[in-house]
Amino acid sequence: MKLIQHKIFLLGFMGCGKSTLGKKLANKLGFQFFDLDKCIEEKVQMSITDIFKTKGEEQFRKLESDELINILNSNDNYVVALGGGAPCFNENMDLINNSGTSIYLKYNEGILASRLINAKAERPLIVNKTKEELIDFIAKLLKEREQYYLKSKLVIEGTNITVNEVTDLLFKDS
Ligand SMILES: Nc1ncnc2c1ncn2[C@@H]1O[C@H](COP(=O)(O)OP(=O)(O)OP(=O)(O)O)[C@@H](O)[C@H]1O
Ligand SMILES: O=C(O)C1=C[C@@H](O)[C@@H](O)[C@H](O)C1
Ligand SMILES: [Mg+2]
């Protein structure tokens, strides 16, 4: 069995599982794994929360695009877990699609909110929201962002997307 694509990008809203699934996928394929948020944190030696607080979102988006370009320059086979907003800023989505296979992990706001309500602390855009506010916030932002997410080459929709579903889709696409 051959794997056609050697550069795989997982994208979607906060909480869709890019980091969780990305690590498992990279292990399964024997590929290198990059978590774009972690790469930014390592580069700047600050947490995402502190970058938002001290530098602001605009500066964060610049750092995000710069780090993405660094990853794209790597020649290895890799899986990248993007940040939730990464595809929606600058030329990031075009750069991604010119480099490999993008996969949108698609969930509705209800599922995302139930996951994120217990994982808000390290996510500055949602840190202060109640469950109801979170559902509203996600629904609105998803509407704006889906135009970018849907530029992905592959889309998986579900209630609990597994690593096997992702690899099945990748091999089917080959
Ligand atoms: N398949 C799953 N089923 C249930 N919970 C999950 C699943 N995948 C991830 N989660 C949980 O959802 C939360 C967010 O997951 P994760 O950090 O992987 O999302 P992400 O897409 O990388 O988010 P971000 O864009 O903020 O980096 C975590 O608490 C994780 O444990
Ligand atoms: O959806 C977003 O805009 C974000 C998602 C996270 O991955 C981080 O990149 C940051 O918290 C912003
Ligand atoms: Mg993540």
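1. The centre of this predicted model can be read from its open sheet, in which five strands follow the order β2-β3-β1-β4-β5 with parallel pairing; two strands pair if DSSP finds at least two bridges between them. The edge strands, each pairing on one side only, are β2 (32–35) and β5 (154–157). Neighbouring strands of the sheet are turned by 20 degrees against each other on average, with direction ignored, where axes are lines fitted to C-alpha atoms, for helices over the stretch in contact, and angles run from 0 to 180 degrees between N-to-C directions.

2. Helix α1 (residues 18–29) packs on this sheet and touches β1 (7–11), β2, β3 (78–81) and β4, while its direction makes about 175 degrees with that of β3. A contact here requires the C-beta atoms of two residues, placed from the backbone, to lie within 7 Å.

3. At the β5 edge, strand β4 (residues 101–106) runs parallel to β5 and is joined to it by four bridges. One pair to look at is Tyr 104, whose bridge partner in β5 is Val 155.

4. As a basis for reading the above, residues are numbered from 1 along each chain as its sequence is written, and chains are lettered from A and ligands numbered from 1 in the order in which they are written. Because the model is predicted, local features need pLDDT of at least 70 and side-chain atom pairs count only at pLDDT 80 or more, whereas totals for chains, interfaces and linings use all residues.

5. The protein chain has eight helices and five strands, these being DSSP runs numbered from the N terminus (helices H or I, at least four residues; strands E, at least two).

6. The UniProt annotation "binding site", from an unreviewed entry, covers Asp 37, Arg 61, Gly 84 and Arg 145; such annotations may be inferred rather than shown by experiment. Asp 37 lies in helix α2 (residues 36–44) and counts as buried because it has 23 C-beta neighbours inside 10 Å (buried means 20 or more other C-beta atoms within 10 Å, exposed 12 or fewer, partly exposed in between, with C-beta atoms placed from the backbone). Leaving aside residues up to four places away in sequence, Asp 37 touches Ile 48 and Gly 83.

7. Arg 145, found in helix α7 (residues 131–149), counts as partly exposed because its C-beta neighbours inside 10 Å number 18. With residues up to four places away in sequence again not counted, Arg 145 touches Phe 13 and Cys 88.
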